[in-house]
Amino acid sequence: MVKSRIFDNSRLLTAHPGIPHYRDEIVCFASRYEDRSYPADECYFNRELYLILIQEGRSEIRLNGTPLTLTANTLLLHGPHYLTDHLYSSPDIHFMTLAIGESLRTDNAYLAQTTTLLLELMQHNGQFTIPLTAPESHTLLQELTALTALLGTDHRFLRQRIQTACLALFLDIADMLSHKHIITRRPTRREHLLAEFHTLATQHFREQHFIHFYADRLAISEQYLSRIVRRGTGKSVGQILNDLLTMEASTLLDTTKESIGEIALRLGFSDTPGFCKFFRRQTGLTPLGFRKRAHL
């Protein structure tokens with residue numbers, strides 16, 4: 001059974017407090033196959049700006065339904081609110097991960113502008129990855145390694161120093177991208193609709209639980225949307241929405257003191273019993289039982 005969970009810095013640090021970090025605003029660390037935090041056959045709803053530099057090995061994922069193969073000297077970069085299915089990693093995988101929270105990124109005008117423009121450019125090109133030359137990969141690896149070391153210091157102006165290091169990193173990525181002739185394949189109508197569905201789903205799953213909303217927004221029939229999503233992801237529309245709701249509910253139960261009724265209301269359920277029935281069907285636990293077990 002595929003497991004689903006939220007990926008954000010706070011929850012990652014709860015599970016792995018030794019990862020280099022500054023508060024819960026940024027994490028930067030190296031990983032290999034044996035100590036990776038992303039087992040195969042898991043689905044993640046990402047809440048941070050997310051960067052991975054693949055140094056060795058190979059990994060396969062689906063990002064908002066788009067299949068991606070990551071190999072050595074490949075940079076993966078995307079913004080928050082993406083749904084990732086992790087399918088496979090080779091035993092020789094070696095990569096660097098950087099995840100930046102919104103507060104750190106937007107609190108610095110230059111960093112916010114640079115990352116926003118870079119993400120918009122990549123989105124316009126229809127890409128999530130950048131192929132790098134060996135020297136380019138080495139340059140970024142040096143910057144990420146230096147950033148990792150910086151996170152463990154007691155610099156008097158550490159937050160500003162971190163933002164400066166991140167700005168230099170993303171300016172270098174933007175410069176590398178500007179020198180590349182990116183050949184983009186025009187997506188088929190089905191691929192475009194699948195990507196648009198994922199965008200809508202990650203934005204509206206809390207209040208819109210049924211397929212007709214998404215089919216109406218995409219101006220297609222419910223049957224056609226069902227076929228596109230099933231063919232592209234192996235899941236039904238309902239499964240994707242339920243996974244997102246379950247991940248969000250689990251996070252709220254684990255990290256807030258909101259009542260079960262308040263969480264049910266926040267997630268668009270008309271009553272608490274309906275939410276409890278849904279959650280138990282998805283997880284095998286009642287919301288209260290899940291909260292007690294999580295706190296234990």
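A nonpolar core here is a set of buried Ala, Val, Leu, Ile, Met, Phe, Trp, Tyr and Cys residues joined through side-chain atoms within 4.5 Å. Keep that in mind as you click around, and remember that this is a predicted model.

**Stop 1: the largest core.** Start by selecting Phe197, Tyr214, Leu225, Leu244, Leu267 and Phe275, which have the most contacts inside the largest nonpolar core, a set of 38 residues. Now colour β4 (42–46), α6, α7, α8, α9, α10 (260–266) and α11: each of them supplies at least two residues of this core. Which helix gives the most to this core? That would be α9, with nine residues. As background, nonpolar side chains in soluble globular proteins tend to be buried together.

**Stop 2: Leu225.** Centre the view on Leu225 and show what surrounds this residue. Leaving aside residues up to four places away in sequence, Leu225 touches Phe197, Ile211, Tyr214, Ala215, Leu218, Ile220 and Val237.

**Stop 3: helix α7.** Several of those contacts take you to α7, so select residues 211–218 next. Ile211, Phe213, Tyr214, Ala215 and Leu218 are the ones to show as sticks, and they are buried. What do the buried residues of α7 pack against? Bring up α6 (189–204), α8 (222–233) and α9 (237–255), and you have the partners. Then step just past the helix to Ala219, which follows α7 and has a positive phi, near 60°.

**Stop 4: the aromatic pairs.** Time for rings: the model has nine aromatic pairs. Pick Tyr82 and Phe128, an edge-to-face pair with 5.5 Å centre to centre and 80° between the planes. Tyr82 sits in strand β9 (residues 82–89) and Phe128 in the loop between α3 (109–124) and β11 (129–131), so this pair ties together parts that are 46 residues apart in sequence. Are these two buried or exposed? Both Tyr82 and Phe128 are buried.

Next, pick Phe275 and Phe279, a tilted pair at 6.0 Å centre to centre with 40° between the planes. These two are four residues apart in helix α11 (residues 272–283), which means about one helical turn separates them. Phe275 and Phe279 are buried as well. Add Phe269, Phe278 and Phe290 to the selection, and you have a cluster linked by ring pairs, with Phe275 and Phe279 in it. Phe275 is also one of the residues with the most contacts inside the core from the first stop.

Conventions:
Residues are numbered from 1 along each chain as its sequence is written. This is a predicted model: local features need pLDDT of at least 70, side-chain atom pairs count only at pLDDT 80 or more; totals for chains, interfaces and linings use all residues. Side-chain values use heavy atoms; hydrogens and water are left out. Buried means under 20% relative accessible area, exposed over 50%, partly exposed in between (1.4 Å probe, protein chains only). Contact means heavy atoms within 4.5 Å. Rings of Phe, Tyr and Trp (its six-membered ring) pair if their centres lie within 6.5 Å; planes under 30 degrees apart count as stacked, over 60 as edge-to-face and the rest as tilted.
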